[in-house]
Amino acid sequence: EIQRRKQDFDAIAADHPLKNIIRRCLENNKRFRPTAAQLHVELLWIAKRLGIPHQENKDHTACFLAEKERIISQNQKRLREKDAAIAEKGRLLFDYKQRLTKLKDEQQLTKNDLQLAVKDQQIADKERQLAEKHRQLSEKDEQLADNEQ
């Protein structure tokens, strides 16, 4: 909207007391536009600053306070939602870390199993070598016994 009204907006003097309010009212995103209560309070403040007399009304303050309470309530709700999202992400991260630890433990077990298999193979090889040496000794014992006769 500001782009569409740029020519009109640029025609307003930079130091005009309402220029900032007008710019905010033309914002495309409603989150950045002032509410009626905010406009009312700001216009009263500008009038007071410029020395323009106005009738004081307690309803103005009540309206402004009600608007501020509504905004605070919305912000608190958003904060609770964000807190809940953060807590959920924390739980997911904890679960992920536990799964990762479990996977690492399983990999370590697999590595240990592989090392045990290699050791078992080495023991089997040594047992075959020992059996071969035992067979050779038995043959030599028999040869010695034959030679002694």
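## A nonpolar patch on the surface

A nonpolar patch, as the word is used here, is made of residues with over 30% relative accessible area and no salt bridge, whose nonpolar side chains are joined within 5 Å. The model you are looking at is a predicted one, and it has such a patch, formed by Leu93, Tyr96 and Leu100. Together these three residues offer about 280 Å² of accessible area.

Take a moment to find Tyr96, which lies in helix α4. Is Tyr96 buried, partly exposed or exposed? Its relative accessible area is 46%, and because the partly exposed class runs between 20% and 50%, Tyr96 belongs there.

## The largest pocket

Next, let us turn to the pockets. The largest pocket has a volume of about 290 Å³. Its lining includes Lys30, Arg31, Arg33, Thr35 and Gln38. Further along the sequence, Glu67, Arg70, Ile71, Gln74, Asn75 and Arg78 line the pocket too.

Which helix gives the largest share of this lining? That is helix α4, which spans residues 58-148 and supplies six of the lining residues. Sorted by class, the lining has six charged residues, four polar ones and one nonpolar one.

## Salt bridges within one helix

Now for the charged side chains. How many salt bridges does a search of the whole structure find? The search finds seven, and a few of them make good examples to look up in the model.

Start with Asp10 and Lys6, which form a salt bridge with their closest N and O atoms 2.9 Å apart. Both sit in helix α1 (residues 6-10), and because they are four residues apart there, about one helical turn separates them. Each partner is partly exposed: Asp10 has a relative accessible area of 46%, and Lys6 has one of 42%.

Helix α4 holds another example, the salt bridge between Arg135 and Glu132, where the closest N and O atoms are 2.3 Å apart. Here the partners are three residues apart in the helix, so they too are separated by about one helical turn. Arg135 is partly exposed at 38% relative accessible area, and Glu132 is partly exposed at 32%. The story goes on from this pair, as salt bridges that share partners join Glu132, Arg135 and Glu139 into one network.

## A salt bridge between two helices

What do the side chains of Arg24 and Glu42 form where they meet? They form a salt bridge, with 2.8 Å from N to O. Arg24 lies in helix α2 (residues 19-25) and Glu42 in helix α3 (residues 36-50), so this pair ties together parts that are 18 residues apart in sequence.

The two partners fall into separate classes of exposure. Arg24 has a relative accessibility of 18% and counts as buried, because buried means under 20%. Glu42, with a relative accessible area of 23%, is partly exposed.

## From one residue to another far along the chain

Finally, let us return to Lys6, the partner of Asp10 in a salt bridge, and pair it with Ser138. Ser138 lies in helix α4 and counts as partly exposed, at 29% relative accessibility. How many residues apart in sequence are Ser138 and Lys6? They are 132 residues apart in sequence, and in space their C-alpha atoms are 110 Å apart.

Technical notes:
Residues numbered from 1 in each chain as written. Predicted model: local features only at pLDDT ≥ 70, side-chain atom pairs only at ≥ 80, totals over all residues. Heavy atoms only, no water. 1 Å grid on protein atoms, 1.4 Å probe; cavity = no way out; pocket = protein on both sides within 12 Å on 5 of 7 lines; lining within 4 Å. Points joined across faces, edges and corners; volume = space filled by probe spheres on them. Nonpolar A, V, L, I, M, F, W, Y, C, P; charged D, E, K, R; others polar. Patch = residues over 30% accessible without salt bridge, like charges linked within 9 Å, V, L, I, M, F, W, Y side chains within 5 Å. Areas by Shrake-Rupley, 256 points an atom, 1.4 Å probe, with all protein chains shown as cover. Salt bridge = Lys/Arg side-chain N within 4 Å of Asp/Glu carboxyl O. Buried < 20%, exposed > 50% of the residue type's maximum accessible area, 1.4 Å probe, protein only.
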